[in-house]
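Reader: I would like to learn how to read a structure of this kind feature by feature. Could you take me through it slowly, giving the general idea before each case?

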Amino acid sequence: MVAGLLALSGCATNSLFVPYPNQAQQWKASLATAPVTPAATQKLEKAASGGDGVLYLQELGRVSQLTGQREQSREAFAGAIQKYDEEDASARIQVSSLTASASSLITNDNARGYVAPDYERIFTHAYQALNYWDANDPTGTAVELRGAALEQRVAADKRDKEIAKAEEAAEENNVDLSQFDGYFQGINAVAGEVKASFQNAWTFYLSALFWEAHGEYNDALVDYKKALEIHPELDMLKEDVERVSNAMKGRPADEGMVAVLYEQGFVQAREEFSLPIPTVHGIFSVAFPTYSLTSKPRPNSLRVLDSASQPLGETVVLADVGALAAKDLKERLPGMLVRQTLRATAKYNLQKKANDDFGPLGAFATQLYNLVSEQADRRSWLTLPAYAQATRFSLPQGKHTLVLSTPGGNATLTVPVVNRGLTVIHVAAVPGQLITRVLPVQEGPL
Amino acid sequence: MLRVLSMLLLGSALALSGCASKVDYGDAQARETVNTDFGSTDLQMIAAKMVDDMMVFPPIVQMTQNRRPVVFVDRIKNKTTEHVDTESITDTIQSKLINSGKFRFVDMSVVDRVRQQLDYQSDSGLVDPSTAAAMGRQIGAEMMMYGNFSSIVKRDGSTKDVYYKFTLKLLNIQTGIIEWTNEKEIRKTRSKSLFGL
């Protein structure tokens, strides 16, 4: 038992006794200083082979993308995607996960291998697309955007019962499902409300922009409409749908488009809710992960000005990542409750046996172990932004100097604009720094 | 206690045997079913089907009876959800067609290096003019080979179904007529097993 404990705590690259948000602080902090310390990414690389490998690979991909190490980022995300495939192909009942579940019974849920939720998979494909985009490989970008679309579809299929229920409820309350017509035909706002909790409109928007720039108006229209379904209140998306509908009729606008993808801050981490339960045999604690509303950051927008300080656009929130994470936690909670009950029973029996057989010292040690080992599962991809936002505007062909203004700092960039082309500015605001880059202009057929 | 010990032994035996890995040569044509991703068997099936079909298509048979038309390979558009090297597929098709003795190919991907060599032969003064390759004597391609590679992927908790469609077209550059086209469909399904390690 002691040896087991030692072995478990010896591995610093799992979250059994060190809460994951504390670990993540290391590489999150390293992003704030301009040249990133290699120690943080080395730790991530080392952890990538463990049971939570997929989580660390995601973090590594994101950190190296933000620090401009494209190849490392691409490899990390490719590794994460391979782990998703392995997870999908794995047997329903696995010996390895049974052992993990068994050891989670005497420790905590962190002993179970990390399974990436849908929303993280979608982000991985979107970020991988940005890596290919940055390398000016439109074919690779297209492949990853299709991969992201597949994950979005799978996420929706999984929850089609939920969508059907919402539609039923809307019908009972006489809400008109066909409130959109004309350009916006086929958009189901009620389903959109449900989809907003697990699908990612920001990724839809990213791929729509890409398809439109390459003249694939059909694909672009579908993705703009899916984004609009999630955010029916956004006029920007309505204009996009109209513009692409017109382009399909052979009237593409003769201007260049500039899009700003703005990723604000870091998504909030899960917090621990711990409840001590006194019994005749000692104190037990149960711990659950939770998200608190008070620590959720508020969205702030990025404004784009031209060199004469005239406003060009302001970003709008397309994906509230904290909400996606909260929805995922909500869906995982029933399973967590079952395991918590089993674990409490196991630990209770252990304590009873220790009290009876091991004397006061053994009983005290077991009591201590029981309290310390009870840690909530606080693992989730923590370098994701809190809010993924975007805006777009048209400019005449040529070089333009743009000022990006955010509460966290300003940046001035010179970007190329090509007629019927798309220039994307990728901005990530991490605490203390505004990371910007201009992706290669996309134009012409794929 | 004995039971615990024997369980431990069994566990360590399992763990130890897991470490032994070995390398072996396999049949390059063997069916590969590691996962549903695009693999060697798919590539071989596509190339074989395309070439076999083209070789027996009556107008092509007639066209290649007395001469060997010159073809250039454009590209296969990858419209799947995987990073597939489509050039590798067209390379296999090209090899098979050249080896059939019915077609000749020009390679557009080496034009720059060929030009460099031609410049060197004619301009450097180092090459015997009588053996130097003359400029402007290359043969123009008569046909263009191009196509699409698309896929439809569906997945739920226990099953993954992948449908691939490979379309290849042969276009007469002068007339703009598609002289031949064919497609190869592949369907792969994976279902999860109940138990596993």
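Author: What follows is a conversation about the core, one helix, the contact between the chains, a set of strands and a few backbone angles. Please keep in mind throughout that this is a predicted model.

Reader: Let us begin with the interior. Which residues have the most contacts inside the largest nonpolar core?

Author: The general idea is that, in soluble globular proteins, nonpolar side chains tend to be buried together. Here the largest nonpolar core has 93 residues, and those with the most contacts inside it are A:Tyr205, A:Ala227 and A:Leu318. Helix α11 of chain A, residues 201-213, gives the most to this core, contributing 10 residues. If we leave out residues up to four places away in sequence, A:Tyr205 touches A:Ala227, A:Leu318 and A:Ala390. There is also a second, separate core of 23 residues, which includes B:Val71, B:Ile76, B:Phe149 and B:Val162.

Reader: Why can α11(A) be called largely enclosed by the rest of the structure?

Author: A residue counts as buried when 20 or more other C-beta atoms lie within 10 Å of its own. In α11(A), 13 of the 13 residues are buried, so the helix is largely enclosed by the rest of the structure. From its first C-alpha to its last, α11(A) reaches 18 Å, which is close to the 18 Å expected at 1.5 Å a residue. Just after this helix, A:Gly215 takes a positive phi of about 75 degrees.

Reader: Which residues of chain A does UniProt list for "repeat: TPR"?

Author: The unreviewed UniProt entry lists residues 201-234 of chain A under that name. In the model, this span is 79% helix and 0% strand, and its end C-alpha atoms lie 11 Å apart.

Reader: How should I read a single residue, for instance A:Tyr20, and is this residue buried or exposed?

Author: One can ask for its element, its surroundings and its contacts in turn. A:Tyr20 lies in helix α2 of chain A, residues 20-32, and A:Tyr20 is buried, with 24 other C-beta atoms within 10 Å. Leaving aside neighbours within four places in sequence, A:Tyr20 is in contact with A:Ser15, A:Arg378 and A:Arg379. The C-alpha atoms of A:Tyr20 and A:Leu382 are separated by 9.1 Å, although these two residues are 362 apart along the chain.

Reader: Now to the two chains. How many residues of chain B are in contact with chain A?

Author: There are 18 residues of chain B in contact with 19 residues of chain A. On the side of chain B that touches chain A, at least two residues each come from β1 (70-79), β3 (143-155) and β6 (195-196). The residues on that side divide into 4 nonpolar, 7 polar and 7 charged. Strand pairing also crosses between the chains, for 2 bridges join strand β1 of chain A, residues 93-94, to β6(B), and these strands run parallel. The bridge partner of A:Ile93 in β6(B) is B:Phe195.

Reader: How many helices and strands does chain B have, and which of its strands does β4(B) pair with?

Author: Chain B has 5 helices and 6 strands, which run α-α-α-β-α-β-α-β-β-β-β from the N terminus on. As a general idea, in a regular strand the side chains alternate between the two faces of the sheet. Strand β4(B), residues 159-172, pairs in the antiparallel sense with β3(B) over 13 bridges, and a hairpin joins these two strands through 3 residues. Within that pairing, B:Lys154 has B:Asp161 as its bridge partner in β4(B). Strand β4(B) also pairs in the antiparallel sense with β5(B), residues 178-191, over 13 bridges, where B:Thr167 has B:Glu183 as its bridge partner. The hairpin of β4(B) and β5(B) has 5 residues between the strands, and B:Gly176 in the turn has a positive phi of about 75 degrees.

Reader: Where in chain A is A:Asn136, and what is the phi of this residue?

Author: Most residues other than glycine have a negative phi. The phi of A:Asn136 is near 55 degrees, a positive value in a residue other than glycine, and A:Asn136 sits in the loop between α7 (118-134) and α8 (138-158) of chain A. A:Asn136 is exposed, with 12 other C-beta atoms within 10 Å. A:Ser309 likewise has a positive phi, near 65 degrees, and lies in the loop between β5 (303-306) and β6 (311-314) of chain A. With 8 C-beta neighbours inside 10 Å, A:Ser309 counts as exposed.

Terms used: Residues are numbered from 1 along each chain as its sequence is written. Chains are lettered from A and ligands numbered from 1 in the order in which they are written. This is a predicted model: local features need pLDDT of at least 70, side-chain atom pairs count only at pLDDT 80 or more; totals for chains, interfaces and linings use all residues. A nonpolar core is a set of buried Ala, Val, Leu, Ile, Met, Phe, Trp, Tyr and Cys residues joined through C-beta atoms within 7 Å. Helices (H or I, at least four residues) and strands (E, at least two) are DSSP runs, numbered from the N terminus. Two residues are in contact if their C-beta atoms, placed from the backbone, lie within 7 Å. UniProt positions are given in the numbering used here, feature names are shortened, and annotations may be inferred rather than shown by experiment. Ala, Val, Leu, Ile, Met, Phe, Trp, Tyr, Cys and Pro count as nonpolar, Asp, Glu, Lys and Arg as charged, and the others, Gly among them, as polar. Two strands pair if DSSP finds at least two bridges between them. The expected span of a helix is 1.5 Å times one less than its number of residues.
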